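User: Hi! Could you walk me through this structure before I set anything up? I'd like the overall picture, then the charges, then any odd backbone spots.

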Amino acid sequence: MNRSNPFQGFGVALATPFNSDGSIDFVALRSLVDNIIVGGVDFICVLGTTAETPTLTEEEKLEIRRVVVEVNQERVPLLLGAGNNSTQAVCRQLREDNFEGFSGLLMVCPFYNKPTQEGLYQHFKKISEESPLPIILYNIPGRTGVNLQAATTLRLANDCPNIVAIKEASGIITQIEEIVEYAPDGFDVFSGDDAITFELLTIGAKGVISVIGNAYPEEFGAMVHAAQAGDYTSALSQHRQFRRLYKLMSVDGNPSGIKGLLYIQGKADNVVRLPLVPVRVETLEAIRHYAED
């Protein structure tokens with residue numbers, strides 16, 4: 001089975017900067033994309049969880065896509081979040097949309113429906129048959145309400161040649177290890193959680209789709225690339241420098257944490273769209289202390 005995965009190493013799940021009135025700050029978005037690329041990212045994920053995609057209109061999503069493609073100028077591969085909890089809706093988009101500028105699609109598990117493992121298999125199999133681009137599965141049960149189990153992931157990996165990887169954000173290490181161990185050639189595992197990325201890289205994961213990378217592309221990328229090169233001593237040292245930040249990014253939820261950090265760095269306003277709210281004052285101050293250390 002021939003597989004072609006254009007994504008390896010250090011990816012960033014791009015945040016969406018907003019102005020104080022809640023509109024998209026495209027000036028900050030352009031700057032953020034360029035800063036991430038210059039910082040050494042290997043690829044960028046557009047319109048994922050960190051982008052607050054559920055609160056964006058279809059028109060805003062299209063404009064974000066256009067701007068990112070324009071700024072990128074083909075410097076790094078772009079991965080587009082295109083999942084939905086309706087198989088029919090995803091397949092319709094795959095048939096009708098123009099994915100120019102993108103090298104692959106990120107497909108999250110159907111949310112709210114709570115399908116069985118067979119339902120998940122049939123959903124992704126149908127999508128793989130329609131997709132014009134390679135697919136990365138996205139397993140994040142804390143948000144979707146359903147866990148894509150290792151057996152189902154491996155079944156898809158073996159049956160669908162254009163499903164090339166999975167972004168694993170279940171936090172279930174034994175499950176992730178099983179996928180890494182038994183995956184067919186060319187099927188890769190990416191960490192979906194910054195805090196366990198170092199550990200997953202040591203057991204065979206091929207990279208990460210990072211949140212912290214929005215703010216620290218050079219530093220977090222250095223950790224990923226050191227681990228890829230087998231220099232686990234350097235990678236562990238770099239990983240430990242982020243230990244406090246991992247907790248701060250999640251204590252009040254994502255992307256509220258990264259928005260607070262980007263605000264402190266002067267890269268974006270501290271604005272999220274309801275029903276999300278900014279991090280608490282005490283969290284923001286703790287993030288500030290970390291950034292200023």
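Analyst: Happy to, and we can take those topics in that order. One thing up front: this is a predicted model.

User: Good to know. How many helices and strands are in the chain?

Analyst: The chain has 13 helices and eight strands. Its radius of gyration is 18 Å, close to the 19 Å from the globule rule for 293 residues, so the chain is as compact as a globular protein of that length.

User: And what does the C-alpha trace span along its principal axes?

Analyst: About 50 × 45 × 35 Å. As for burial, 54% of the 293 residues count as buried.

User: On to charges. How many salt bridges does the count come to?

Analyst: The count comes to 17 salt bridges. One of them pairs Arg 75 with Asp 34, with 2.9 Å between the closest N and O atoms. Arg 75 is in the loop between helix 2 (58–72) and strand 3 (78–81), while Asp 34 belongs to helix 1 (residues 26–38), so this pair ties together parts 41 residues apart in sequence.

User: Are those two buried or exposed?

Analyst: Partly exposed in each case: Arg 75 has a relative accessibility of 37%, and Asp 34 has 31%.

User: What about Arg 155, which residue does it form a salt bridge with?

Analyst: Arg 155 forms a salt bridge with Glu 118, and the closest N and O atoms are 2.8 Å apart. This pair links distant parts of the chain, with Arg 155 in helix 6 (residues 150–159) and Glu 118 in helix 4 (residues 117–130), 37 residues apart. Arg 155 is partly exposed at 34% relative accessible area, and Glu 118 is partly exposed at 37%.

User: Anything at the end of the chain?

Analyst: Yes, Arg 244 forms a salt bridge with Asp 293, where the closest N and O atoms are 2.7 Å apart. Arg 244 sits in helix 11 (residues 243–250) and Asp 293 in the segment after helix 13 (281–292), so to speak a link between distant parts, 49 residues apart. Arg 244 is partly exposed at 44%, whereas Asp 293 is exposed at 70%. There is also a network: Arg 30, Glu 63, Arg 66 and Glu 70 are joined by salt bridges that share partners.

User: Which residues gather in the patch of negative charge?

Analyst: Glu 177, Glu 178, Glu 181 and Glu 199 gather there, on the surface. Helix 7 (residues 173–182) gives the most to the patch, with three residues. Glu 177 is found in that helix and is partly exposed, with a relative accessible area of 36%.

User: Okay, backbone oddities. Where are the cis peptide bonds?

Analyst: One runs from Asn 254 to Pro 255, with omega near 10°, and Pro 255 is placed in the loop between helix 11 and helix 12 (256–264). Another joins Leu 274 and Pro 275, with omega about 15°, and Pro 275 lies in the loop between helix 12 and helix 13.

User: And positive phi values outside glycine?

Analyst: Glu 52 has phi near 55°, and Lys 114 has a positive phi of about 55°. Glu 52 is in the loop between strand 2 (43–46) and helix 2, and Lys 114 is in the loop between strand 4 (104–108) and helix 4.

User: Which is buried and which is exposed?

Analyst: Glu 52 counts as buried, at 3% relative accessibility. Lys 114 is exposed, with a relative accessible area of 58%.

Key: Residues are numbered from 1 along each chain as its sequence is written. This is a predicted model: local features need pLDDT of at least 70, side-chain atom pairs count only at pLDDT 80 or more; totals for chains, interfaces and linings use all residues. Side-chain values use heavy atoms; hydrogens and water are left out. Patches are made of residues with over 30% relative accessible area and no salt bridge: like charges are joined within 9 Å, nonpolar side chains (Val, Leu, Ile, Met, Phe, Trp, Tyr) within 5 Å. Accessible areas come from the Shrake-Rupley method with a 1.4 Å probe; for residues, only the protein chains shown count as cover. A salt bridge is a side-chain nitrogen of Lys or Arg within 4 Å of a carboxyl oxygen of Asp or Glu. Lys and Arg count as positive and Asp and Glu as negative; His and the chain ends are not counted. The place of a charge is taken as NZ of Lys, CZ of Arg, CG of Asp or CD of Glu. Helices (H or I, at least four residues) and strands (E, at least two) are DSSP runs, numbered from the N terminus. Buried means under 20% relative accessible area, exposed over 50%, partly exposed in between (1.4 Å probe, protein chains only). The radius of gyration is taken over C-alpha atoms; the globule rule is 2.2 Å times the number of residues to the power 0.38.
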